[in-house]
Structures are given as C-alpha cells and as structure tokens.
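My notebook is open and I have a cup of tea beside me. Here is what I looked up, entry by entry.

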Amino acid sequence: MEKEKTQDSITADSISERIRVMNARVDGLKEQDLYFYNQPITELRGGSRVLVNGREMGMYASYSYLGLVGHPKINAAAHQAIDRYGTGTHGVRSLAGTLMVHRELEETIASFKGAEAAITYTSGYATNLTVVSTLVGRGDYVISDKLNHASIVDGCLMSGAKFVRFRHNDMQALEERLQHVESGATKLVIADSVFSMDGDIIDFPKLVELCRRYDAWLMIDEAHSLGVLGKTGRGIEEHFGLEGSIDIKMGTLSKTIPSVGGYVAGKKDLIQYLRHASRAYIFSAALPPASAAAAKASFEVILEEPWRVEKLNKNSKQFIQGLKERGFDTLFTETAIVPVICGTDEAAFSMTRAAQHKDTFVLPVVSPAVPPGLSRLRATVTAAHEADEIEKAMDVIYNAGKEIGMVN
Ligand SMILES: Cc1ncc(COP(=O)(O)O)c(C=O)c1O
C-alpha cells in the first residue's frame with residue numbers, strides 16, 4: 001500500500017513537471033510577444049487572405065494548396081449533405097454509421113487514385129496509426145524514413161513490429177536496412193511522398209525498385225502531394241510516370257482537400273480487410289456527412305479546374321526562387337512547402353513576429369518538431385496567390401530577416 005502511494009506520487013510529480021516546463025516556455029514567449037500559435041482566424045477574405053485579430057493578412061501558412069477552402073461548389077455540397085443527412089451519423093461505419101455519401105466518396109477516391117477501392121477514416125493521423133498497426137505486428141519489420149510524419153512513427157510504434165528507420169531520403173541506407181531483415185520476415189516500407197517540414201520529394205523510382213527487389217510492401221503518405229504532384233494532381237505516381245507502384249496509397253482530406261479525414265486506396269482485398277480489422281474504422285464514429293460530401297466535391301473540382309495545379313507549380317517555383325535570391329536557405333524543397341531556415345528557435349519566433357506585424361501570416365516550426373538548429377518559418381504558397389502578392393510577401397520575409405540579422 002505504502003509502495004503504491006510512493007509510485008503514485010512519482011507519477012504525479014513527473015506529470016506536474018512536464019506541465020510546468022511547457023507552460024513556462026509558452027508563458028515566456030507570450031510575455032515577449034513571440035507566441036503566434038493557436039491564433040483564431042475569424043474570416044476568409046478571398047482565397048489567399050484571412051482576418052486575424054481584426055487585421056487582414058496574406059496567408060502563407062496554409063495547407064490548402066489548390067486554394068479550395070471556401071470554393072462555392074464544395075461549400076454547396078456540404079450544405080446539401082447537411083440538408084439530406086443532418087450533421088452527424090448514426091455511429092461507427094460498420095454498424096449504422098455508413099451513409100451513401102461515404103460510399104460515393106470512397107469510389108471517387110479510388111477512381112482518382114487509379115485504385116480498385118478506398119476506405120476513409122476521420123483523420124489522416126488516425127489513418128496512419130490504425131493502418132500501420134493493423135497491417136504489421138510482432139515478427140514483422142516496418143522500415144520508415146527518418147523524417148516521416150509523427151502519425152506514421154506512432155503507427156509503427158503501436159504496431160509492435162520491429163521498427164527500423166533509414167536516413168532521410170537515402171536509398172542506399174534503405175537498401176542496407178532491407179538487407180538486414182531476417183529472411184522470410186514480412187517487410188513494410190513507409191515514406192512521405194513530400195516531406196511535411198522540408199517540402200522535398202522522396203526518391204520514388206529508386207524506392208519502388210528496392211521494394212520490388214526485396215519483396216517489401218510499399219506504403220506512401222500523400223498528405224502533401226495530393227493535388228500538388230502530377231500533371232492532374234493525382235500525386236507521386238503520376239509525377240514520376242510510375243502508376244500502379246504503391247501497395248498502400250494513403251492520403252488526407254484536410255490539406256488540398258478542404259475537409260477532414262484520411263484515406264487508403266489500394267486493392268479490393270486490402271480495403272475489405274481494413275474495413276473489418278482496423279480499429280479506427282470499427283471503433284470510431286463515421287466521418288460527418290458535410291465533410292464527406294465536401295471531400296467528394298473537391299476531387300471533382302481538381303479535375304474540372306486543372307489550371308489550379310499548374311498555377312500552384314508556377315507559384316511554388318516563384319516562391320522558392322525568390323526566397324533563395326533574397327539569401328535564404330530553403331533546403332531541398334521542390335514544392336509548395338518552403339522552409340525558411342532561421343537557426344535558433346528564437347530567430348524563428350522573431351522572424352514570425354516581424355512578418356506578422358506586416359500582415360504576412362507565416363508560422364514558425366521549432367525543435368523538437370525539427371532538429372535543433374534548423375528552426376524555421378514553414379512558409380507555403382497556394383494556387384490562390386497572385387504573383388505580385390507573392391513578391392510582396394517575400395519582401396516582408398526579407399525585411400524580417402534583415403531586422404534580425406539573418407540576411408544582408
Ligand atoms: C505527412 C502527413 N501525414 C499525416 C498527417 C495527418 O493528417 P491529418 O491532419 O489529416 O490528421 C499530416 C498532417 O499534418 C501530415 O503532414
């Protein structure tokens with residue numbers, strides 16, 4: 001009894017300590033006007049501007065890569081779904097939660113991704129967690145790029161499989177890992193297509209070749225390539241002309257697709273298995289009808305308005321090139337996610353403050369989300385921006401960099 005009490009108080013103390021340390025950091029930043037997280041946007045102003053704290057700002061931190069947030073067709077689809085089905089569902093998908101709009105959405109995703117079938121979940125995070133931990137387990141190997149998203153890492157840890165990581169985007173390192181797998185063991189290789197903090201693209205042709213050669217399953221997270229890569233925005237397979245190379249095509253409905261949720265597309269037997277074995281499908285309520293309908297309409301808009309993918313590519317090139325010319329290190333990005341390396345956390349916070357005071361909405365990403373010394377602005381462009389707006393935003397970022405002595 002006495003021992004239990006001591007154990008309890010140790011647990012309580014470490015919890016208190018974690019809370020204290022984090023809150024001290026947050027409060028310290030707030031006191032110095034360096035805290036810019038969790039600010040509520042009160043209104044959309046067109047595709048590229050938002051109202052924050054009563055001020056209209058250019059949005060350079062959005063995941064809405066094709067500028068589809070607020071698109072009239074997508075909004076109308078959400079309204080119609082509420083009128084038809086209400087705001088919620090009757091429960092989990094397997095029991096009374098499935099609506100016709102879920103089925104239509106999954107068919108739309110499968111067709112867009114060139115797959116036999118698709119399954120949806122209520123978030124991208126839950127999708128990775130549940131899919132990885134359902135597909136592999138004890139005795140299997142899951143091999144993951146070191147910069148893969150946290151939801152993949154958590155899925156790998158939860159699975160109980162041997163969790164092996166390889167140096168970021170280093171295919172030689174991946175091959176070495178594959179060579180060291182016990183013979184006969186099942187292998188699942190997982191990578192982001194576009195890395196969420198760096199904007200660079202996985203060496204997909206080599207990755208596919210290695211998975212084939214070493215008989216490994218391949219899962220790719222297309223959170224940041226859906227609508228971004230490929231002539232028609234279909235993603236990384238289209239970008240490299242390697243259609244049909246991915247076994248488990250994962251993506252989110254919360255970035256280019258202005259809704260919420262996650263999906264996996266693949267072979268019919270895989271999808272049917274996940275419908276009956278993945279816990280986030282079986283034990284969590286279905287995607288709300290408005291979100292499902294908005295997501296479905298978004299895939300249609302991507303195909304109906306191909307200029308958006310083209311414009312996003314053009315804007316990304318302008319943004320990357322312009323920031324480089326202004327003296328910033330943007331790592332190896334080739335996409336709409338442009339890291340502006342600041343170095344220390346403090347430099348990233350100060351840059352954010354200077355930019356936001358000039359009505360340019362960028363946000364910092366600091367350690368431990370990125371390695372120490374590589375704190376940054378994680379700036380993004382979308383298809384909704386015009387060339388002159390992008391120039392102005394880059395000037396603001398440049399002046400912010402000058403103010404703190406990062407560029408000359
Ligand atoms: C690569 C990647 N995968 C998965 C997720 C999780 O998706 P969601 O935000 O839809 O839960 C994210 C979100 O940031 C992501 O960047």
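Which helix gives the largest share of the shell around the ligand? I found that it is helix α5 (residues 124–135), with three residues. Helices here are DSSP runs of H or I with at least four residues, strands are runs of E with at least two, and both are numbered from the N terminus.

**Before going on.** I noted that this is a predicted model, where local features need pLDDT of at least 70, side-chain atom pairs count only at pLDDT 80 or more, and totals for chains, interfaces and linings use all residues. Residues are numbered from 1 along each chain as its sequence is written, and side-chain values use heavy atoms, with hydrogens and water left out.

**Entry: the ligand.** I looked up the 16 residues around the ligand (a heavy atom within 4 Å counts as near), and Tyr-125, Asp-221, His-224, Ser-254 and Lys-255 come nearest. I then looked for polar contacts, meaning pairs of N or O atoms within 3.5 Å; within protein, one must be able to donate a hydrogen and the other to accept it, and residues adjacent in sequence count only if both atoms are side-chain atoms. A polar backbone atom of Tyr-125 is 2.8 Å from a ligand oxygen, and one of Gly-124 is 3.0 Å from a ligand oxygen. Lys-255 brings a polar side-chain atom to 3.0 Å from an oxygen of the ligand. The protein covers 86% of the 390 Å² of accessible area that the ligand has on its own (Shrake-Rupley method, 1.4 Å probe).

**Entry: helix α5.** At its start, a side-chain oxygen of Ser-123 reaches to within 3.3 Å of the backbone nitrogen of Tyr-125. I checked burial next (buried means under 20% relative accessible area, exposed over 50%, partly exposed in between, with a 1.4 Å probe and protein chains only). Nine of the twelve residues of α5 are buried, among them Gly-124, Asn-128 and Val-131.

**Entry: helix α12.** Twelve of the 16 residues of α12 are buried, so this helix is largely enclosed by the rest of the structure. Its buried residues include Pro-289, Phe-299 and Ile-302.

**Entry: the sheet.** How many strands form the open sheet? I found four, in the order β1-β2-β3-β12, with mixed pairing; strands pair if DSSP finds at least two bridges between them. β1 (41–45) and β12 (360–361) stand at the edges with a single partner strand each, so one side of each has no neighbour in the sheet. Strand β3 (residues 55–59) runs parallel to β12, joined by two bridges, and Gly-58 stands opposite Thr-360 in β12.
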